[in-house]
Amino acid sequence: MTATRTVIRGGLVITAADEMHADVLIEGGRIAALAAHDSETAAGWTAGTVIDATGKYVIPGGVDGHTHMEMPFGGTTASDTFETGTRAAAWGGTTTIVDFAIQGVGKSLRSGLDAWHAKADAQCAVDYAFHMIVSDVNEHSLKEMDILVEEGVTSFKMFMAYPGVFYSDDGQILRAMQRAAGNGGLTMMHAENGIAIDVLVQQALEAGKTDPRYHGEVRHALLEAEATHRAIQLARVAGAPLYIVHVSAQQAVAELTAARDLGLNVFGETCPQYLFLSTDNLAEPGFEGAKYVCSTPLRPREHQAALWQGLRTNDLQVVSTDHCPFCFTGQKDMGVGDFSKIPNGMPGVENRMDLLHQGVVDGHISRRRWIEIACATPARMFGLYPRKGTIAPGADADVVIYDPHAEQVMSAETHHMNVDYSAYEGKRTTGRVETVLSRGVPVIEDRSYVGRAGHGQYTPRGICQYLI
Ligand code: DUC
Ligand code: ZN
Ligand code: ZN
């Protein structure tokens, strides 16, 4: 198959806006037209490759707005490279990732961005873009933010957690937000009170509480809610929009809801691990709980309902993965006897579309909402729409043929992420990716990988499309 001309016949096309029994014509890597099955128009699309999608969904490729490929963190490096991670993304129906470039200590934003380009260049199976982690707010980095926005790196993550690593204090955060208010950038916030958390970590360790489950206890839900509240007030003072990453606590959702009820440009993301896993997993016997150590942490099961509700009411708008895998053997085990040394992060880039489809099957969200939170809204949020995130004339032909009835069992034995465990080992889900096109070119074809490293292109972004 080439990228020249492809017709997808017989499927149910689902976008955030519509469900259409339509054939899809792809030309030159873009969606050229949609037409009703058996219509005269569709019948006229004769030349080219035909994909039979009868009985299947035809959906936009997923947009994962939060990944950390090859991220140095906690004394080690996330185990997926851009090559392995984007290949796994494709297997899971995700055709665009937005990864986080990191400003190194004492270094410029530019050098951090250059380093991330060097890691990703010619490696990716699907398209990619970058956010920038600002870990040192100073006169120089503030000026660089303006330039990066112009170049298509239009969002900046800061951390209220991890003192001594990525942490910014309130004054630094306010200054960066003021800058973003002026240049159109979107501030992304890791909202946890890291100063208070570090006190609780020390107290727990001194009390002999060293098991993985204490990771969840010291990173208290109220310290997520407090930081979320504080970030919102700082953004309000700066007159800047704000996007809170990886929301896990019910109390943090309440802060977002209150802010949005005031009409503020405040947005929230959650991740599949918070919708499907809980502190029960952190408390698994032996050292197993380390598999689920990430920050913000997994919460007691009751929080899941609040997150699903937030997704239904649009108080949460996006589901990304925070994909940041560390192998159980050789990486997670750095924290045996001291939970604070367990590298923070979980794999998931391959599982997101399927888990959210399971949310449809389980009755939490509609099919269109599935596409909205996993494809369309992240594309709009990060300035990629309508090129990404929808199936409409002119859009990139990033298309997934999805079998809504196929059953699968998630397992490290069968997944494609470069990590030695699955956070969802043995979980049965309904629905499976069959075929994936990236700009019209097959990457997965009838559940075989036919892509190549280097097909994926760097995609500069516009500004957030929700700002008014
Ligand atoms: N949280 C994680 O769990 N991993 C990477 C960084 C982060 O904020
Ligand atoms: Zn974070
Ligand atoms: Zn992250």
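## Two zinc sites and some unusual backbone

His66 is buried, at a relative accessible area of 0%. Buried means under 20%, exposed means over 50%, and partly exposed lies in between (1.4 Å probe, protein chains only). This is a predicted model: local features need pLDDT of at least 70, side-chain atom pairs count only at pLDDT 80 or more, and totals for chains, interfaces and linings use all residues. Residues are numbered from 1 along each chain as its sequence is written, chains are lettered from A and ligands numbered from 1 in the order written, and side-chain values use heavy atoms, leaving out hydrogens and water.

**The zinc ions**

His66 (NE2) is one of the protein donors of the zinc ion (ligand 3). The others are His68 (NE2) and Asp322 (OD). These donors lie 2.0 to 2.2 Å from the ion. Donors are N, O and S atoms within 2.8 Å of the metal (3.2 Å for Na, K and Ca); water is not among the atoms, so sites may look incomplete. Along the sequence, the donor residues of ligand 3 follow H-x1-H-x253-D.

The zinc ion (ligand 2) has Lys157 (NZ), His190 (ND1) and His246 (NE2) as protein donors. Their distances to the ion run from 2.1 to 2.3 Å. The spacing here is K-x32-H-x55-H. The two zinc ions, ligand 2 and ligand 3, are 3.8 Å apart. Lys157 sits in strand β12 (residues 155–159) and His246 in the loop between β14 (242–244) and α9 (250–261), so this pair ties together parts 89 residues apart in sequence. Helices (H or I, at least four residues) and strands (E, at least two) are DSSP runs, numbered from the N terminus.

What is the geometry of the ligand 2 site? It is irregular, with angles of 84 to 127 degrees among its four donor atoms. Four donors are tetrahedral if all angles lie between 85 and 135 degrees; four are square planar and six octahedral if opposite donors are over 155 degrees apart and all others between 65 and 115; anything else is irregular.

**Exposure of selected residues**

| Residue | Relative accessible area | Class |
|---|---|---|
| His68 | 4% | buried |
| Lys157 | 1% | buried |
| His246 | 1% | buried |
| Thr270 | 0% | buried |
| Gly74 | 45% | partly exposed |
| Asp38 | 77% | exposed |
| Asp446 | 60% | exposed |

Thr270 belongs to strand β15 (residues 266–270). Leaving aside residues up to four places away in sequence, Thr270 touches several others, including Val247, Leu275, Leu307 and Ser320. Contact means heavy atoms within 4.5 Å.

Gly74 is in the loop between β8 (72–73) and β9 (76–77). Gly74 and Pro343 are 269 residues apart in sequence, yet 5.0 Å apart in space, C-alpha to C-alpha.

**A helix pair**

Helix α3 (residues 109–120) packs against helix α4 (residues 139–151) at about 40 degrees, with axes 9 Å apart. Leu109, Arg110 and Leu113 of α3 meet residues of α4, among them Met145, Ile147 and Leu148.

**Unusual backbone**

Most residues other than glycine have a negative phi, and most peptide bonds are trans. Asp38 has a positive phi near 65 degrees. Asp38 lies in the loop between β4 (30–36) and α1 (40–43). Phi of Asp446 is also positive, near 45 degrees. Asp446 occupies the loop between β19 (441–445) and β20 (448–449).

Which bond joins Ser295 and Thr296? A cis peptide bond, with omega about 0 degrees. The bond from Tyr385 to Pro386 is cis, with omega near 5 degrees. Pro386 lies in the loop between α14 (367–381) and β17 (399–409).

Conventions
Axes are lines fitted to C-alpha atoms, for helices over the stretch in contact, and angles run from 0 to 180 degrees between N-to-C directions.
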